[in-house]
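This note is addressed to a colleague who is meeting the structure for the first time. Please read it with the sequence and the model at hand.

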Amino acid sequence: MLYKKIAEHIKHDISNQTLQSGDKLPSIRTLSTDFDCSKNTIIKALSELEQEHLIYALPKQGYFVAIAQEQTTERPLVFDFLSAEPNPESFNIKNLLSCSEQIIGNLEYSLLPYGPQLGLEKLRTELVNYLQSNQVFTKKENIVITTGSQQAIDILFNMPFPNKKEKILLEQPTYSGALTSANLSKEKVIGISMNNGELDLNQLEYIFKNNDIKLFYTIPRFHNPMGTSYSSQTKKKVVELAHKYDVFILEDDYLGELDLDSKADPLFAYDTSDKIIYLKSFSKIFLPGLRIGAVCLPDSLRQTFLSYKFARDIATPIFSQEILATFITNGMFYNHVKQLKEYYSKKMTYTLKCCHDLLPNEIKFTTPKTGFYFVIELPDYISATDLKTTLKIKNVLVEDVSNMYLSHESPKEMIRLCIAKIDEKDIYDGITIIATEINELTNQKKSVFKNWEFYI
């Protein structure tokens, strides 16, 4: 049919970028003359291109190119150990679309109103039941839905606390988003070093006792960047010290659902004095684009927190909350989490096996059983920053953890690897490149040392 040939002709011009994004197409009259056909034929061709979202119409202005198709050039393979976005293969898109369709069918309630300050009641009710499976027992009145967990962190770092203290304590290294919020706050920030994924509890008590600590931010499970988790004994002692020295704890449990140990409870489970603020993110285990977080607050903090939140966004977008609430209500979320546990456990086990088989024997790395992150510790003579740059040239993306330390702390030479986005089939080759580069740098160092000995 003629209209299909005309549509293909225009599509070809868009494909080879003769027509680019934003360009205006010739008028219907002009196209009718150029193709020697009726205006109806042209309209039919344009309508088909609209349905393919290649062009769009503006009233009284004409038709415009929406997105020029990229030329099909072969791109080099990138080994992405950097991105923390969930891999699409770990998510059932059909289930998400099903939930979205249910919500869109009731637009009056899902899109038009502002949301409640605490968050959608339906979602908070679902979370009360859901969090119980993670040994977090709370009431819906104590749950506040935030625009991502980052918003909750930023508010808590900046708001006053009933203990009348002012300093913030951070693990070193720590999640870069928390570090940024702490540095931007008006509070003084102190660091406490982590050794092999554990806190020095004597040092923690000394800091609590001799400093004006209002809040200690910690990631007890699947630490970012280390990937390590605290022992039950450490968790109990941290809660005990918080109570003893009147310090609030912000527990970031962003990946708690992935824990393979059913007896590994969060800090919140040991709290009897309302000192633990439990923070749950849904970016890593669900969808980062929804920007949904939830924080369980003691009664003494709720009203102050809400006033600070109101000043930032009035209320968390209700459509995102509806999607998550519907996903949980339908039972899809529980199945999703079950699949994630198997997916990341298998993926982490394989990745660490590759590290064990390929990295030089003297190179240490953390060994979480699951989760997103782990670190490779480097000898002092290898700069993590330089290694990161060299690997990037070879299309291997990793993170240098030096930006996860306070400026006055001395960072260790480590690179962080994230297994969230990389395809499992590419992990072996990616680790091979990292191992090869570390070996080359080590051999260069040994060569320099031998030459130095010779001249002596």
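The numbered points below begin with the chain as a whole and then turn to a set of paired strands and a helix contact.

1. Status and overall content. The model is a predicted one. Its chain contains 15 helices and 16 strands. The C-alpha trace spans about 85 × 70 × 40 Å along its principal axes.

2. Burial and surface. Of the chain's 456 residues, 50% count as buried. The exposed area of the chain is about 22600 Å², and carbon and sulfur atoms supply 51% of that area.

3. Contacts along the sequence. Among contacts in the chain with a separation of 6 or more, 76% are between residues 24 or more positions apart.

4. Strand E11. This strand covers residues 292-296, and five of its five residues are buried. The burial applies to both faces of E11: Ile292, Ala294 and Cys296 lie on one side, while Gly293 and Val295 lie on the other.

5. Partners of E11. Two strands may be considered here. Strand E4, residues 143-147, runs antiparallel to E11 and is joined to it by five bridges; in this pairing Thr147 stands opposite Ile292. Strand E10, residues 276-281, is also antiparallel to E11, with four bridges between them. Here Lys280 of E10 stands opposite Ala294 of E11.

6. Strand E10. Which residues point each way from E10, and are they buried or exposed? Ile276, Tyr278 and Lys280 point one way, and Ile277, Leu279 and Ser281 point the other way; all are buried. Thus six of the six residues of E10 are buried. Lys280, which stands opposite Ala294 in E11, is therefore among the buried residues of the strand, because buried means under 20% relative accessible area.

7. Strand E9. The pairing of E10 with strand E9, residues 248-252, is parallel and comprises four bridges. Within this pairing Ile249 stands opposite Ile276 in E10. E10 thus pairs in parallel with E9 and in antiparallel fashion with E11.

8. Helices H12 and H13. How do the axes of these two helices cross? The axes of H12 (residues 318-329) and H13 (residues 332-358) come within 4 Å and cross at roughly 85 degrees. Because angles of 65 to 115 degrees count as roughly perpendicular, H12 is roughly perpendicular to H13.

9. The contact between these helices. From H12, Leu324, Phe327 and Ile328 take part, meeting Met332, Phe333, Tyr334 and His336 of H13. The residues of this contact comprise six nonpolar, one polar and no charged.

Note on methods. Residues are numbered from 1 along each chain as its sequence is written. This is a predicted model: local features need pLDDT of at least 70, side-chain atom pairs count only at pLDDT 80 or more; totals for chains, interfaces and linings use all residues. Side-chain values use heavy atoms; hydrogens and water are left out. Axes are lines fitted to C-alpha atoms, for helices over the stretch in contact, and angles run from 0 to 180 degrees between N-to-C directions. Angles under 35 degrees count as roughly parallel, over 145 as roughly antiparallel, 65 to 115 as roughly perpendicular and the rest as oblique. Contact means heavy atoms within 4.5 Å. Ala, Val, Leu, Ile, Met, Phe, Trp, Tyr, Cys and Pro count as nonpolar, Asp, Glu, Lys and Arg as charged, and the others, Gly among them, as polar. Buried means under 20% relative accessible area, exposed over 50%, partly exposed in between (1.4 Å probe, protein chains only). Two strands pair if DSSP finds at least two bridges between them. Accessible areas come from the Shrake-Rupley method with a 1.4 Å probe; for residues, only the protein chains shown count as cover.
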